[in-house]
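User: Please take a close look at the aromatic rings of this model and follow them into their surroundings. Where do they lead?

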Amino acid sequence: MKKILFVITFITTTLLSLHAQQTADLEKLVNQTRREAGMQHGVLAVTVYNVNTNKVIYSQNGDLSVTPASVAKLFTTGVGFARLGKDFRFTTKIAVRGDIDRDGVLHGNIYITGGGDPLLGSYRYRQTTPDTLFESWATAIKKKGIRKIDGRVCYNNSIFDEQNLHDSWQWGDVGNYYGAGVNGLNFHENMYFVYFNPGKKLGHPASVVRTVPKNLDIHGTCEVTTAGEHTGDHVVIYGTPTSKERLYRGTVPLGKKDFPVRGALPNPARTCADLLASYLRTHGISISSNSMQVYTTPDSLRQVVDYSSSSYYTIAQYTNLTSNNVYAESIFKYLGYAKYGLGSFTNGSRVVMDWFKEKGLDVGGVSIVDGSGLSRLNRTTTDFLCRYLAAVSKESYFDEFLQSLAKVGESGTAKNMLPGLPMGITVRVKTGSMDGVKSYAGYVLTPHGQKLAFAIVSNGHDCSDKAVAEKLDKILYKIATMY
């Protein structure tokens, strides 16, 4: 018996000594990273939390408020699982109002009532493309006996407020697809493609070839020029959410004809209504008047179809794996709508912060103002990020939440991270990036059953995104191999 106790004591002491050495090595690496070129004048915050023992095992600057960028999507999607559930589906309602005479003429209007669905008319999936969507709606309308509409297509955005962009989002972001914002009625992920042909030589003007979806009412001024081969997309699009005017600046690569760039779609809800009307006209149902926005649901509506999105789990997974801002903001505002009757940045923030407090999390140093992390007013600490991740790990939906995070070496934004990671160690991560911000947060799962939550955030560095990513990768590798 004494021998057994001696062996157990020896093993325990050895492991504790090993863990102490690993923590010391991590501390040395973090300190070294802070002194490296491009990092000296910024803030590097790192926290590691043992979920099994509910203890912080390492923290440097973990109590400082930092800007998380897209890591903020962890808050949005996690609280979405809690409040909406993995099987929740956004619903868009198509209805009619008015009399249908014996000739199949509807003396009234078609109504589209938005339900916040970020996938409505998405180009990513065959079942959600505009033509597939409109075909299903047109079929349902024809089944009502309607062959002509003496009226118009009306659209209702009102489950979300009219502020689809946060006040703090940057002007250089909001004309681009990632800064599109959301509406009660989203369409085509609130973005469009603009295709460019480069000039024949470096520095020569590029030209706009076409836009998709087709028939968009967009007036673009092109100041794009031609850069070297393989330089990629360096086009910035400027424009407000309701304006048809767009200004294109930047460069496209030499030799790449029909080069696609994604921009923020002007007035997505109106575009949805207009393109539905156009589709109906070309598929046997004439409409006499132009589309119109309405702000209330009229009486005596007859439902044509309730169109449901994919499940919340699918949407949350795509949100985190690809860091899609429109999906995140749709979830964020819908949380506000579900709880307070109106989707807004303020109400979405209230729901998220309320969940933190409900779980007993100290929210000192934490401020959440949008769902995507696009705002620089978002604040968190790495200590809080880890405590939040630990709290989520205790919830019934944790497995689905975990699967929504990119698996290092395999999927999403983490596909090429941490080559050479030892077998049996799984790292699930959400990354974030904007000028002067780089962030990682997620979980390490070891073959021995250890579960670590980690958060690494750099603010104010002045090295390139690639350079800071390499530095943070080294820190994450050290964390992943601590046990």
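Analyst: **Aromatic rings and their surroundings**

A search of the whole structure finds 26 aromatic pairs, where rings of Phe, Tyr and Trp (its six-membered ring) pair if their centres lie within 6.5 Å, and planes under 30 degrees apart count as stacked, over 60 as edge-to-face and the rest as tilted. In one of these, the ring centres of Trp355 and Tyr388 are 5.9 Å apart and the planes stand at 75°, so the pair is edge-to-face. Trp355 belongs to helix α8 (residues 345-358) and Tyr388 to helix α9 (residues 382-392), so the pair ties together parts that are 33 residues apart in sequence. Helices (H or I, at least four residues) and strands (E, at least two) are DSSP runs, numbered from the N terminus.

The model is predicted: local features need pLDDT of at least 70, side-chain atom pairs count only at pLDDT 80 or more, and totals for chains, interfaces and linings use all residues. Residues are numbered from 1 along each chain as its sequence is written, and side-chain values use heavy atoms, with hydrogens and water left out.

Trp355 and Tyr388 are both buried; buried means under 20% relative accessible area, exposed over 50%, and partly exposed in between (1.4 Å probe, protein chains only). The two residues belong to one aromatic cluster together with Phe75, Phe356 and Phe384.

The path continues into the largest nonpolar core, which has 60 residues. A nonpolar core is a set of buried Ala, Val, Leu, Ile, Met, Phe, Trp, Tyr and Cys residues joined through side-chain atoms within 4.5 Å. The members that touch the most others are Leu74, Phe75, Phe356, Tyr388, Phe401 and Tyr443. Phe75, Phe356 and Tyr388 thus appear both in the aromatic cluster and among these core members. At least two residues of this core come from each of α2, α6, α7, α8, α9, α10 (398-403), β18 and β19 (451-459). Helix α9 supplies the largest share, eight residues. As background, nonpolar side chains in soluble globular proteins tend to be buried together.

The loop between α8 and α9 holds Thr381. Thr381 is buried as well, with a relative accessible area of 3%. From Thr381 to Gly151 the distance is 54 Å in space, C-alpha to C-alpha, and 230 residues in sequence.

Two rings have a charged partner: Arg262 lies over the face of Tyr177, 3.8 Å from the ring centre, and Lys333 over the face of Phe345, 4.5 Å from the ring centre. For this, NZ of Lys or CZ of Arg must be within 6 Å of the ring centre and within 35 degrees of the ring normal.

Tyr177 leads on to the largest pocket, being one of the residues closest to its centre, with Ser70, Tyr178, Ser433 and Met434, out of 42 lining residues. On a 1 Å grid over the protein atoms alone, a pocket is an open set of points with protein on both sides within 12 Å along at least five of seven lines, and lining residues have an atom within 4 Å of a point. The volume of the largest pocket is about 1,100 Å³. Two or more lining residues come from each of α4, α6 (312-322), α7 (325-340), β17 (426-434), β18 (437-445) and α11 (465-480). Strand β17 gives the largest share, five residues. Both α6 and α7 also supply the core, and so does β18. The lining of the largest pocket divides into 14 nonpolar, 17 polar and eleven charged residues.

A second pocket completes the view. The second largest pocket has a volume of about 320 Å³. Of its 15 lining residues, Pro130, Asp131, Pro213, Lys214 and Leu275 are the closest to the centre. Helices α3 (130-143) and α5 (268-281) each give two or more residues to this lining, which divides into seven nonpolar, six polar and two charged. Pro213 deserves a further remark: a cis peptide bond joins Val212 and Pro213, with omega about 5°. Most peptide bonds are trans. Pro213 is located in the loop between β8 (207-212) and β9 (219-227).

Terms used. On a 1 Å grid over the protein atoms alone, a cavity is a set of points where a 1.4 Å probe fits but cannot get out, and a pocket is an open set with protein on both sides within 12 Å along at least five of seven lines; lining residues have an atom within 4 Å of a point. Grid points are joined across faces, edges and corners, and a volume is the space filled by probe spheres set on the points. Ala, Val, Leu, Ile, Met, Phe, Trp, Tyr, Cys and Pro count as nonpolar, Asp, Glu, Lys and Arg as charged, and the others, Gly among them, as polar.
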